Amino acid sequence: MKKVLQLIFGDARNVASVAAAVALAWAVAIALPAASGWVLVAALIVAAVWQAA
């Protein structure tokens, strides 16, 4: 659990990427509720790749 919290709240870039992923999933949930989970997973994967670079 400590690693998850560190991943999310480690620095400003982590917080921004997770916030952007959640906001994107929330926006999709309004239009296509069934797709919001998949969008969140995809956005978090993109955020992880961005953070690793």
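User: Leaving aside neighbours within four places in sequence, which residues is S36 in contact with?
Analyst: This is a predicted model, in which local features need pLDDT of at least 70, side-chain atom pairs count only at pLDDT 80 or more, and totals for chains, interfaces and linings use all residues. Residues are numbered from 1 along each chain as its sequence is written, and side-chain values use heavy atoms, without hydrogens and water. S36 lies in helix α3 (helices, H or I, of at least four residues and strands, E, of at least two are DSSP runs, numbered from the N terminus). With contact meaning heavy atoms within 4.5 Å, and with neighbours within four places in sequence left aside, the partners of S36 are A25, V28 and A29.

User: Is S36 buried or exposed?
Analyst: Buried means under 20% relative accessible area, exposed over 50%, and partly exposed in between (1.4 Å probe, protein chains only). S36 has a relative accessible area of 17%, so this residue counts as buried.

User: How many helices and strands are there in the chain?
Analyst: Read along the sequence, the chain follows the pattern α-α-α. The count is three helices and zero strands.

User: What percentage of the residues of the chain count as buried?
Analyst: Carbon and sulfur atoms supply 80% of the roughly 4000 Å² that the chain exposes (accessible areas come from the Shrake-Rupley method with a 1.4 Å probe; for residues, only the protein chains shown count as cover). Of the 53 residues, the share that counts as buried is 19%.

User: How far does helix α2 reach from its first C-alpha to its last?
Analyst: Helix α2 covers residues 12-31, which makes 20 residues. The expected span of a helix is 1.5 Å times one less than its number of residues. For α2 this gives 28 Å, and the reach in the model is close to that, at 29 Å.

User: Within what arc do the buried residues of α2 fall, seen down its axis?
Analyst: The buried residues of α2 are N14, S17, V18, A21, A25 and V28. They line one face of the helix, because seen down the axis (the arc is that of the directions from the helix axis to the C-beta atoms) they fall within 95°.

User: Which residues are exposed on the other side of α2?
Analyst: One face of α2 is lined by its buried residues. On the other side, the exposed residues are A12, W26, I30 and A31.

User: What span should the residues of α3 have at 1.5 Å a residue?
Analyst: Helix α3 has 17 residues, and its end C-alpha atoms are 24 Å apart. That agrees with the expected span, which is 24 Å.

User: Which residues of α3 are buried?
Analyst: S36, already described as buried, belongs to this group. The full set in α3 is S36, A43, A47 and Q51.

User: Within what arc do the buried residues of α3 fall, seen down the helix axis?
Analyst: A43 and A47 are among the buried residues of α3. Those buried residues line one face of the helix, because their arc is 75°.

User: Which exposed residues does the face of α3 turned away from its buried side carry?
Analyst: One of them is W38, which counts as exposed at 67% relative accessibility. The list for this face is W38, I45, V46, V49 and A52.

User: How far apart are the C-alpha atoms of W38 and V28?
Analyst: W38 lies in helix α3, whereas V28 is a buried residue of α2. The two are ten residues apart along the chain, and their C-alpha atoms are separated by 9.9 Å.

User: Which residues does S17 touch, not counting residues up to four places away in sequence?
Analyst: S17 is placed in helix α2 and counts as buried at 7% relative accessibility. Not counting residues up to four places away in sequence, S17 touches A47, W50 and Q51.

User: What separates the C-alpha atoms of W50 and S17?
Analyst: W50 lies in helix α3 and is partly exposed, with a relative accessible area of 44%. Beyond its neighbours within four places in sequence, W50 is in contact with R13 and S17. W50 and S17 are 33 residues apart along the chain, and their C-alpha separation is 8.5 Å.

User: How far apart in space are A16 and A47, C-alpha to C-alpha?
Analyst: A16 sits in helix α2 and counts as partly exposed at 43% relative accessibility. A47 is a buried residue of α3. With their positions 31 residues apart in sequence, their C-alpha distance is 9.2 Å.
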